[in-house]
Amino acid sequence: MSDQNSIVNLGDLGKPANTLIKKISDAVGGYFRPYQIKRVATAEAEANIIKAQSDIEVADLHRRAITRFVAEEAKKQQNIESITDQALPQLAPGASPDRIEDDWITNFFDKCRIVSDKDMQALWARVLSGEANAPGTYSRRTVDFLGTLDRNDAEAFALLMRFSWRLGDFQPVVFDLEADVYKHAGLNFPILSHLDDIGLISFEHLTGFLRKGMGERGLATYFGKPVLLEFTQKKELQTGKIILTKTGQQLATICEAKPVDGIMEYVVSKWAEGGVITSTPIVIRKG
């Protein structure tokens, strides 16, 4: 952790960050202290006592065990502080970390303390900051699920989210996996089957999904680019073969996916084949 943003140097942090630090300290207790690592300090003291005793009084096995314990606890503490340190700059001025439930915080750090992969720590940090910015955003079940997610799972989900539109909520739009726009990006049947198996999506490779009751007009956006939809016949929209589960919807907010070249034009053409009239609004810039 950097000296400027370390969680033990709070002078330059805003009120939300200070509040989050206190909230974490109060809820997690032994796993996390801004000014002292209680469990590690206690373990180190015990280790020093053991090391000072003779081989006759304490078996070598015991010394190795306490040394290992100290090392493991220090690593867990490092993981906790790294995740917290990354979350602090992402807090919004109006964040409400004081409204996060203590049980949520305790469960969060119980799961993330063993996460040492830097990319996975970044995901956990976004969840922590997101919950502080809007308490209730991430359920305890989603946190538990994130604890089972490995790097390959996260990368597979991020790949799928490159094809995600916003139709109010997140909606990956995948029509034909044999289409070049999907194949060139690396999206395939095994990846989608795996994401279905672990509970992030529902994958219907034969039938697909429809959004019904759309009204006469609607709006879809792809990475901030809007498309106006006009329904002159059926008030429904084909969305392809994927829908996100509730957990998938919540984790979609922390994915840092990048848009795919050509997918916007491809999806719009498929919607047009279904009788939907599409247009791109003209943005008038002032000045």
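## Salt bridges

A search of the whole structure, which is a predicted model, turns up 12 salt bridges. Let's look at a few of them.

Start with Lys111 and Asp144, whose side chains meet in a salt bridge at 3.4 Å from N to O. Lys111 belongs to helix H4 (residues 102–112) and Asp144 to helix H6 (residues 140–146), so this pair ties together parts that are 33 residues apart in sequence. Lys111 is partly exposed, at a relative accessible area of 25%, and Asp144 is also classed as partly exposed, at 28%.

## Two further pairs and a network

Glu178 and Lys183 form another salt bridge, with 3.8 Å between the closest N and O atoms. Here Glu178 is exposed, with a relative accessible area of 56%, while Lys183 is partly exposed at 45%.

Within helix H11 there is a salt bridge between Glu273 and Lys270, with the closest N and O atoms 3.7 Å apart. These two residues are 3 apart in the helix, which means that about one helical turn separates them. An α-helix has 3.6 residues a turn, so residues three or four places apart point the same way. Glu273 counts as exposed because its relative accessibility is 61%, over the 50% cut-off. Lys270, at 24% relative accessibility, counts as partly exposed. Elsewhere, salt bridges that share partners join Asp110, Lys111, Arg113 and Asp144 into one network.

## Helix H11 and what covers it

Which residues of helix H11 (residues 263–273) are buried? They are Ile263, Met264, Tyr266, Val267, Val268 and Trp271. The cover over these buried residues includes several strands: S1 (164–167), S5 (217–222), S6 (225–231), S7 (236–240) and S9 (276–279). Helix H8 (180–183) is also part of that cover.

After H11 comes Gly275, a residue with a positive phi, near 90°. Gly275 also helps to line a cavity, described next.

## Cavities

The model has 2 cavities of 30 Å³ or more. The second largest has a volume of about 30 Å³. Its lining consists of Phe231, Gln233, Lys234, Glu236, Gly274, Gly275 and Val276. Sorted by class, that lining has 2 nonpolar, 3 polar and 2 charged residues.

Some of these names link back to the cover of H11: strand S6 (225–231), strand S7 (236–240) and strand S9 (276–279) are among its elements, and the cavity lining includes Phe231, Glu236 and Val276.

## A buried serine

Is Ser129 of helix H5 (residues 118–133) buried or exposed? Ser129 counts as buried because its relative accessibility is 3%, under the 20% cut-off. Leaving aside neighbours within four places in sequence, Ser129 is in contact with Ala87, Gln90 and Leu91.

## How far to trust the model

For the protein chain, the mean pLDDT is 84, and 81% of the residues reach 70 or more. Confidence is highest in helix H9 (residues 189–197), with a mean of 97. It is lowest in helix H2 (residues 38–52), where the mean is 62.

One stretch calls for care when you look at the structure. Over residues 1–12, pLDDT stays under 50, although the model has 23 contacts beyond four places in sequence for these residues. Where pLDDT is low, the predicted coordinates should not be read in detail.

Key
Residues numbered from 1 in each chain as written. Predicted model: local features only at pLDDT ≥ 70, side-chain atom pairs only at ≥ 80, totals over all residues. Heavy atoms only, no water. pLDDT = per-residue confidence, 0-100. Helix = DSSP H or I, 4+ residues; strand = E, 2+ residues; numbered from the N terminus. Contact = heavy atoms within 4.5 Å. Buried < 20%, exposed > 50% of the residue type's maximum accessible area, 1.4 Å probe, protein only. 1 Å grid on protein atoms, 1.4 Å probe; cavity = no way out; pocket = protein on both sides within 12 Å on 5 of 7 lines; lining within 4 Å. Points joined across faces, edges and corners; volume = space filled by probe spheres on them. Nonpolar A, V, L, I, M, F, W, Y, C, P; charged D, E, K, R; others polar. Salt bridge = Lys/Arg side-chain N within 4 Å of Asp/Glu carboxyl O.
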